Each structure stands twice: as structure tokens, then as C-alpha cells.
Amino acid sequence: MYSRIGAAAYKGDLGNTIALCDILENPENRFKSIHIAGTNGKGSVSHMLAAILQCAGYRTGLYTSPHLHDFRERIKVDGKEITEDFVVDFVSHIQPHIDTIDPSFFEITVAMAFDYFANQEVDIAVIETGLGGRLDSTNVILPELSVITNIGYDHMHILGDTLEKIAAEKAGIIKRDIPVVIGEFREVTGPLFVRKAREKHAPIMFADRERSATNWSFEGQDMKIEVTIRHTDIKDYYTLDLAGLYQTKNLLTVLQAVQQLREKGWNIKDSALREGLAKTRALTGLHGRWERLHQHPTVIADVAHNEDGIRELIRQIEVTTFHQLHIVIGMVKDKDIRSVLHLLPQDAHYYFTQADIPRALPKEDLWAAAEDAGLQGKAYEDVNTALQEALGHAHKDDLILVCGSVFVVGEIDRGRL
């Protein structure tokens with residue numbers, strides 16, 4: 001299981017997924033889909049689009065990974081998790097084929113999602129890649145639209161050690177004649193996407209070249225964003241119940257994706273677009289994106305875990321009002337630990353910890369690397385011990401941030417806050 005042990009569990013081909021889908025009579029061909037890849041933001045974009053489609057009246061599937069608390073979070077229809085009975089029955093059904101095919105956990109889960117969406121007769125499913133794109137298990141679908149949110153440094157040991165190599169893997173989801181939306185244009189990756197799209201005769205749009213987020217403000221847990229269409233004076237205003245500053249970039253990607261879906265005949269009224277954006281968290285159950293868990297002191301959970309993600313988190317901290325900053329952090333072994341640590345503020349109080357998975361970076365190793373980066377703190381056995389320690393030292397006007405790993409955020413005991 002990749003989430004637990006890392007690269008040793010990764011299978012770089014589509015053969016097993018194709019074999020599983022064949023056994024299931026190819027459920028991936030029995031519903032429409034949107035395919036989403038990218039280094040950061042693909043989870044938020046997936047949930048926003050699913051919420052919008054649901055508000056537009058479409059029966060909507062949503063496949064994402066990893067989960068925070070419950071495996072069933074990965075597979076949803078109209079915001080409701082896959083039933084336990086379906087999971088049990090599915091595994092029983094494919095059990096006789098396991099020894100022959102030898103699929104990974106992720107391959108089984110993808111096949112399960114496709115089978116569930118077909119069984120539930122969804123109108124459309126939003127499918128998030130797990131890792132990369134070209135060889136990702138989800139890449140057996142022929143979608144209505146492909147979306148690549150951005151390209152940054154993550155999973156370099158598998159996807160490649162340059163942005164160009166990583167982009168080439170993500171570009172593997174671009175299909176012949178299927179439009180593709182790219183969230184952010186970068187000089188080193190933009191031309192690669194253009195070439196790939198031309199090869200596939202796929203119409204290509206760069207979201208940040210069509211619109212810009214020209215203003216924003218926070219109102220409680222919500223975020224108000226002003227969006228301007230490039231080279232015009234046309235402005236529009238949107239409310240998101242996802243309050244992270246980085247959601248401005250994701251919003252532009254979503255707006256461009258909705259425009260393309262409309263051009264393909266999907267009936268998405270402006271009222272459905274706005275309602276879906278305003279109720280994404282409520283409708284889809286998305287957690288761990290600048291999510292406030294407690295007030296006085298403020299406790300925020302965010303799953304940012306790579307260099308670009310942490311950089312966006314720092315931007316958010318810089319526009320947040322607080323007295324003192326406390327950071328509870330744990331990471332996994334295969335991330336660029338030192339690059340992340342050197343981005344973090346040196347005047348914060350740190351609580352180093354680790355998730356309860358084999359892939360976790362030992363807290364002592366994280367503590368030692370952090371000290372080398374000039375960060376001061378102590379190590380704690382688990383995230384809840386670390387968080388309680390932070391709460392014990394924090395003033396009511398302080399900010400406590402839990403970050404560094406999806407798995408650390410997933411282990412927070414919200415009942416103790």
C-alpha cells in the first residue's frame with residue numbers, strides 16, 4: 001500500500017487495472033468523467049467541481065485519495081460515502097482473481113470506484129489521479145475533460161527530478177480530441193503541455209491566462225474572491241467555504257473547467273456554480289485545507305506537505321492575525337524534508353511528531369533536521385500528544401498549525417479539541 005510504505009508499493013503500468021476492469025465488464029465505460037492531475041490543488045479542484053455538478057442537478061461521483069479517517073471517503077456519490085456492504089461484496093467478488101492479477105491496494109480501489117459509479121448510474125464522476133498521470137491506475141478512462149492543476153516538486157523518486165519530467169508524467173492524462181485545462185502556466189512546463197496537446201489534437205486552455213484573482217477577503221470560515229477576465233474590465237465575485245489563500249488559484253482552474261463543460265453541453269447554471277463553490281466543504285466533506293478545528297487559540301489543519309504546498313501555507317500565515325505561532329509538524333520519509341524546513345518561520349514554536357505508518361519520518365530525525373534549519377522545538381510521540389502540548393502553551397490569541405502530512409492531519413482526534 002503506497003500510502004503506508006511508499007515507492008515499494010507503486011506499480012508503474014495499467015495492466016492490472018485493465019485486467020480488473022475487464023473482469024467487471026468495463027464499468028469505466030458506463031459513465032462520463034472528468035480526470036484531474038497535478039502536484040497540488042487537485043483534491044480541492046476535484047471537490048469544487050463535484051459540488052458544482054451536484055448543485056447543477058447531476059448525479060455525481062467523486063474519487064479522491066488518500067483518505068483522512070475512513071477508507072470510504074475516497075469514493076462518494078453526491079457527497080455520500082460508498083456503503084460498507086458494497087466494499088465487502090466487491091472484495092469478495094474479485095477475491096478469486098487476486099492471486100492471478102496481484103493488484104495493488106490502489107488498483108483495487110480504483111476498480112471499486114469505477115464499479116460503484118456504474119452501479120449507482122452516476123451522470124458524471126470526478127476522478128483524481130493518485131500519483132502522476134501517465135501510468136496512474138485511473139488513466140484508463142476517456143473523460144469529457146482533463147485538468148492539470150499545476151506542476152511542482154513532489155514524488156521525484158518516481159516521477160522524475162525535474163519539473164519537465166514531472167510535467168511529462170502528468171501530461172499523460174491528455175487524450176486525443178479531449179479538451180485539457182492547465183491551472184498554471186510556467187515557462188518550463190507550459191510549452192511541454194502545448195506540444196502534448198497538439199500531438200493529441202486536444203484543445204488546451206491555461207486558466208491563469210484567461211482570468212486573474214484581483215482581490216480577496218476572509219469572512220469567518222469563508223473567502224470572498226474578486227475575479228477579473230484578462231484584458232477586460234469584467235469582474236465577478238465568488239464565495240468559497242474553503243478559506244485558504246491558495247484556493248484563489250484553484251478557483252481560476254475550476255472556472256475554466258466549468259466553461260469547457262458548458263461548451264460541451266453540460267447545463268451548469270451560474271446559480272449552481274456559485275452554490276457549489278459556497279458549499280464545497282458541506283456538500284463533499286472535504287477536510288484538511290486550512291481547516292479551523294478550534295478557536296481561542298485558533299487551531300488550523302492543513303495537509304500541505306511539499307515545497308510548493310508549504311510555500312502557499314506561509315503566504316496564508318503572513319495574512320493571518322495572531323499573537324504567537326505554534327507549528328505541529330510530521331512528514332513522510334520520501335519528501336524533500338530540508339527544502340520544506342528551510343521555508344518555515346524560525347520564530348515559531350515547533351512540536352515535531354510522526355504518523356502511525358511505516359512510511360513516516362521518525363520524529364527524532366525530523367527534529368534533528370529542523371534544528372539544522374534553525375527551528376526550535378521538541379519531539380512528541382504522536383500528533384495528539386503534540387497538539388495537546390501546543391494547546392497547553394498557547395495564548396488564546398495564538399495560532400496553532402498542524403501540517404506536513406495527510407496522515408498526521410488524519411490522526412487528529414477532533415473530540416479532544
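**Questions about a predicted model**

Q: Leaving aside its neighbours within four places in sequence, which residues is Leu24 in contact with?
A: This is a predicted model, so let's begin with one residue and look around it. Leu24 sits in the loop between helix 2 and strand 1. Skip the neighbours within four places in sequence, and its contacts are Arg30, Phe90, His93, Ile94, Ala111 and Asp115.

Q: Is Leu24 buried or exposed?
A: The cut-off to remember is that buried means under 20% relative accessible area. Leu24 has a relative accessible area of 7%. That puts Leu24 under the cut-off, so the word for it is buried.

Q: How many Å separate the C-alpha atoms of Leu24 and Ala111?
A: Ala111 is on the contact list of Leu24. Along the chain, the two are 87 residues apart. In space, their C-alpha atoms are separated by 8.2 Å.

Q: What is the average pLDDT of the protein?
A: pLDDT is the predictor's confidence in each residue, from 0 to 100. Here, 95% of the residues score at least 70. The average for the protein is 93.

Q: Over which residues is the pLDDT below 50?
A: One stretch has a pLDDT below 50, and in the model it has 15 contacts beyond near neighbours in sequence. The stretch covers residues 5–10.

Q: Why does the pair of Phe31 and Phe114 count as tilted?
A: The whole structure holds ten aromatic pairs, and this is one of them. The ring centres of Phe31 and Phe114 are 6.0 Å apart, with the planes at 55°. Planes under 30 degrees apart count as stacked and those over 60 as edge-to-face, with the rest called tilted. Since 55° falls in neither of those groups, the pair is tilted.

Q: How many residues apart in sequence are the parts that Phe31 and Phe114 tie together?
A: Phe31 lies in the loop between helix 2 (15–23) and strand 1 (32–37), while Phe114 belongs to helix 5 (residues 105–119). Both count as buried, Phe31 at 8% relative accessibility and Phe114 at 0%. The pair therefore ties together parts whose separation in sequence, in residues, is 83.

Q: Which residue forms one aromatic cluster with Phe31 and Phe114?
A: Phe31 and Phe114 are already an aromatic pair. One cluster holds both of them, along with Phe117.

Q: What is the angle between the planes of Trp216 and Phe218?
A: Trp216 is partly exposed at 32% relative accessible area, and Phe218 is partly exposed at 30%. Their rings form a tilted aromatic pair, 5.3 Å centre to centre. The angle between the planes is 55°.

Q: Which residue lies over the face of Phe185?
A: Here the partner of the ring is a charge, and it sits 3.7 Å from the ring centre. The residue over the face of Phe185 is Arg209.

Q: Which strands are the edge strands of the open sheet with the order 9-10-11?
A: The sheet has three strands with antiparallel pairing, and the twist averages 20° from one strand to the next. An edge strand pairs on one side only. That fits strand 9 (211–219) and strand 11 (235–240).

Q: Which residue in the turn between strand 10 and strand 11 has a positive phi?
A: Strand 10 (residues 222–229) and strand 11 pair in the antiparallel sense over six bridges. Among the bridge partners are Met223 with Leu240, and Thr228 with Lys235. The two strands form a hairpin with five residues between them, and the one with a positive phi of about 65° is His231.

Q: Why is strand 17 largely enclosed by the rest of the structure?
A: Leu399, Leu401 and Cys403 point one way from strand 17, whereas Ile400 and Val402 point the other way. Strand 17 (residues 399–403) is largely enclosed because the number of its five residues that are buried is five.

Q: How many bridges join strand 14 to strand 17?
A: Strand 13 (residues 298–301) runs parallel to strand 17 with four bridges, and Ile300 has Leu401 as its bridge partner. Strand 14 (residues 325–329) also runs parallel to strand 17, with Ile329 partnered by Cys403. The bridges joining strand 14 to strand 17 number five.

Definitions and conventions:
Residues are numbered from 1 along each chain as its sequence is written. This is a predicted model: local features need pLDDT of at least 70, side-chain atom pairs count only at pLDDT 80 or more; totals for chains, interfaces and linings use all residues. Side-chain values use heavy atoms; hydrogens and water are left out. Two strands pair if DSSP finds at least two bridges between them. Axes are lines fitted to C-alpha atoms, for helices over the stretch in contact, and angles run from 0 to 180 degrees between N-to-C directions. Rings of Phe, Tyr and Trp (its six-membered ring) pair if their centres lie within 6.5 Å; planes under 30 degrees apart count as stacked, over 60 as edge-to-face and the rest as tilted. Buried means under 20% relative accessible area, exposed over 50%, partly exposed in between (1.4 Å probe, protein chains only). A charge sits over a ring if NZ of Lys or CZ of Arg is within 6 Å of the ring centre and within 35 degrees of the ring normal. Contact means heavy atoms within 4.5 Å.
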